[in-house]
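The following paragraphs offer a guided reading of a single protein model. They proceed from the overall architecture to individual elements and residues.

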Amino acid sequence: MDPAKGASVGTRVEEQVKDWLRYGEELGLGPYYLDRAPSHSISEPSITETTVAAPVAMAAAAASAPKLTPAAKPVAAPAVAPSIVAPASLPSLFESIDRITDDTLPRIREDIGDCTRCKLHKGRTNIVYGVGNPKAQLVFVGEGPGHDEDIKGEPFVGRAGKLLTQMIEAMNLRREDVYIANVVKCRPPENRLPEKDEIATCSPYLLRQLDVIKPKVVCALGSCAAQTLLQTTQGISKFRGEWFDFRGSKLIATYHPAYLLRNPPAKSEVWKDLQKVMALLGLQPRKR
Ligand code: URA
């Protein structure tokens with residue numbers, strides 16, 4: 001593809017996401033994404049435990065706005081949430097983003113270029129695009145690069161990354177067998193969570209990567225990835241370990257390895273989630 005055309009496709013996708021975000025705000029559904037909280041310095045399951053009403057309102061609004069187009073007339077969200085709705089039972093806003101025909105991982109990287117689309121570019125050393133098997137059956141999605149990833153230009157190479165590698169190996173896979181990427185590709189300053197404008201700008205490239213790889217399973221690591229991909233503000237502990245349909249793949253969310261470093265007892269929960277992934281992929285645990 002000619003780079004100018006590629007860039008305009010990227011911009012169009014970005015614009016679509018921004019339209020959706022504006023549309024959600026017009027509906028009065030509240031923020032789709034977490035507002036800033038110190039990255040993993042608080043206990044992960046509690047990040048948005050209080051935000052159940054928003055996705056419920058989103059479900060009801062989605063039901064009464066069948067086309068969910070940015071141009072549709074705003075519909076009032078119900079004042080009282082009838083029940084808790086699993087996030088992926090909603091039509092994800094991202095589901096309706098066009099797939100790009102004949103897209104490739106190198107083309108997406110080319111479209112990103114020496115990106116200055118959001119403020120994160122100011123502090124980065126390297127864009128952390130994603131690594132691994134371009135035909136992976138399993139893709140892990142984290143939040144954003146940390147210090148080590150920014151220096152190396154590769155996701156999950158620091159302490160949390162070493163734990164992720166151990167998790168992958170416990171599944172009887174190697175790092176090279178899977179694909180690893182993040183919601184944002186540049187390091188947020190002081191390892192803060194990515195902000196919603198940064199996510200809106202960068203996540204379309206992640207979606208394109210996922211569309212090209214077409215994995216059987218996407219495993220969202222932590223609240224940021226899970227809430228971004230499922231378009232919910234529900235706390236991850238409400239839906240971790242459940243299966244969702246996501247753009248032709250199955251998606252499961254589990255706790256972020258950085259959270260496990262601070263809270264080792266949660267490893268058993270994560271292992272249960274990974275065992276579900278292994279069962280779906282027909283993998284046997286590694287022999288000790
Ligand atoms: N945490 C993430 O979410 N991603 C990385 O790449 C590293 C740490």
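The protein comprises 10 helices and six strands. The coordinates belong to a predicted model. Of the 288 residues in the protein, 44% are buried. Among contacts with a separation of 6 or more, 79% join residues 24 or more positions apart.

The interior may be considered next. In soluble globular proteins, nonpolar side chains tend to be buried together. The largest nonpolar core in this model has 56 residues, and those with the most contacts inside it are V139, V141, V218, C219, A220 and L229. Helix α6 supplies the largest share of this core, namely eight residues. V139 illustrates the connectivity: leaving aside residues up to four places away in sequence, V139 touches V178, Y179, A181, L210, I213, P215 and V218.

Helix α6 also takes part in a helix pair. Helix α3 (residues 105–112) packs with helix α6 (residues 196–213) at an angle of about 170°, and their axes are 9 Å apart. An angle over 145 degrees counts as roughly antiparallel, and α3 is therefore roughly antiparallel to α6. On the α3 side, the contact is made by L105, I108 and I112, while α6 contributes Y205, R208, Q209 and V212. Sorted by class, the contact of α3 with α6 has five nonpolar residues, one polar residue and one charged residue.

The segments flanking α6 contain several partly exposed residues, the first group lying in the loop between β3 (179–182) and α6. E195 is found in that loop. Because E195 has 18 C-beta neighbours inside 10 Å, and 20 or more would be required for a buried residue, E195 counts as partly exposed. Although E195 and L120 are 75 residues apart in sequence, their C-alpha atoms are 9.6 Å apart in space. N191 is placed in the loop between β3 and α6 as well, and N191 is partly exposed because 18 C-beta neighbours lie inside 10 Å.

Backbone geometry adds a further detail. Most residues other than glycine have a negative phi. N191, which is not a glycine, has a positive phi of about 55°. K214 is likewise not a glycine and has a positive phi of about 50°. K214 is located in the loop between α6 and β4 (217–221), and its 13 C-beta neighbours inside 10 Å are why K214 counts as partly exposed.

Helix α7 (residues 222–230) presents another environment. Nine of its nine residues are buried, so α7 is largely enclosed by the rest of the structure. The buried residues of α7 include G222, S223, C224 and L230. Q231 follows α7 and has a positive phi, near 55°.

Further along the chain, G241 is found in the loop between α8 (236–239) and β5 (243–246). G241 counts as partly exposed because it has 17 C-beta neighbours inside 10 Å. The C-alpha atoms of G241 and L251 are separated by 9.4 Å, the two residues being 10 residues apart along the chain. With residues up to four places away in sequence not counted, G241 touches I252, T254, K272, D273 and K276.

Finally, which residues are the closest to the ligand? The ligand is surrounded by 13 residues, and the closest are G142, E143, E149, P155 and F156. The shell around the ligand divides into five nonpolar, six polar and two charged residues.

Note on methods. Residues are numbered from 1 along each chain as its sequence is written. This is a predicted model: local features need pLDDT of at least 70, side-chain atom pairs count only at pLDDT 80 or more; totals for chains, interfaces and linings use all residues. Axes are lines fitted to C-alpha atoms, for helices over the stretch in contact, and angles run from 0 to 180 degrees between N-to-C directions. Helices (H or I, at least four residues) and strands (E, at least two) are DSSP runs, numbered from the N terminus. Angles under 35 degrees count as roughly parallel, over 145 as roughly antiparallel, 65 to 115 as roughly perpendicular and the rest as oblique. Two residues are in contact if their C-beta atoms, placed from the backbone, lie within 7 Å. Ala, Val, Leu, Ile, Met, Phe, Trp, Tyr, Cys and Pro count as nonpolar, Asp, Glu, Lys and Arg as charged, and the others, Gly among them, as polar. A residue is buried if 20 or more other C-beta atoms lie within 10 Å of its own, exposed if 12 or fewer, and partly exposed in between; C-beta atoms are placed from the backbone. A residue is near a molecule or strand if its C-beta atom, placed from the backbone, lies within 6 Å of it. A nonpolar core is a set of buried Ala, Val, Leu, Ile, Met, Phe, Trp, Tyr and Cys residues joined through C-beta atoms within 7 Å.
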